[in-house]
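The exercises below are meant to be worked with the sequence and the structure in view. Try each task before reading its solution.

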Amino acid sequence: MTNGSTKEHAVTDPSHRVSNTFETPPSTRLADARSGMVRPMLWTLLMIGVVCNIVTSTSDLNVFIGIGFGMIVLACAAALVTHHYLHRR
């Protein structure tokens, strides 16, 4: 049912226009710069944790030290996976 008025109205308000240009806000650029440092740090901590876990597993050190390094390795691996899924394009 129509009320007899079939005119289409064009939106002339400039605030409703969609722009094809996309400019990244400064806060996003800063977050990208920080994000760029997170992945190398996580990989470095992961490798250090793996080496320390191997050393503590093959030596006569307390088992809890090896478990601690194993937990660090698992945390770094989980953080790398999470970082990958959150920042993929």
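**Exercise 1. Decide whether Thr56 is buried or exposed, and describe its surroundings.**

Solution. Begin with accessibility: Thr56 has a relative accessible area of 7% and is therefore buried, where buried means under 20% relative accessible area, exposed over 50%, and partly exposed in between, with a 1.4 Å probe and protein chains only. Before going further, note that this is a predicted model, in which local features need pLDDT of at least 70 and side-chain atom pairs count only at pLDDT 80 or more, while totals for chains, interfaces and linings use all residues. Residues are numbered from 1 along each chain as its sequence is written, and side-chain values use heavy atoms, with hydrogens and water left out.

Next, place the residue: Thr56 belongs to helix 1, residues 26-58 (helices are DSSP runs of H or I with at least four residues, strands are runs of E with at least two, and both are numbered from the N terminus). Its side chain reaches the backbone oxygen of Asn53 at 3.1 Å. Finally, setting aside neighbours within four places in sequence, Thr56 is in contact (heavy atoms within 4.5 Å) with Leu61, Ile65, Gly66 and Phe69.

**Exercise 2. Find how helix 2 compares with its expected span, and which of its residues are buried.**

Solution. First take the length: helix 2 covers residues 63-87, and its 25 residues reach 36 Å from the first C-alpha to the last, close to the 36 Å expected at 1.5 Å a residue, the expected span being 1.5 Å times one less than the number of residues. Then turn to burial: Gly66, Gly70, Val73, Cys76, Leu80 and His83 are buried in this helix. Met71, also in helix 2, is by contrast exposed, because its relative accessible area is 52%.

**Exercise 3. Work out how far apart Cys52 and Phe69, and then Val38 and Leu80, are in sequence and in space.**

Solution. Start with Cys52, which is found in helix 1 and is partly exposed because its relative accessible area is 24%. Cys52 and Phe69 are 17 residues apart in sequence, and their C-alpha atoms are 6.5 Å apart in space. Continue with Val38, another residue of helix 1, which counts as partly exposed because its relative accessibility is 34%. Val38 and Leu80 are 42 residues apart in sequence, with 8.8 Å from C-alpha to C-alpha.

**Exercise 4. State how many helices and strands the chain has, and what share of its residues is buried.**

Solution. The chain has 2 helices and 0 strands, and of its 89 residues, 12% count as buried.

Definitions and conventions: Polar contact = N/O pair within 3.5 Å; in protein donor to acceptor, adjacent residues only side chain to side chain.
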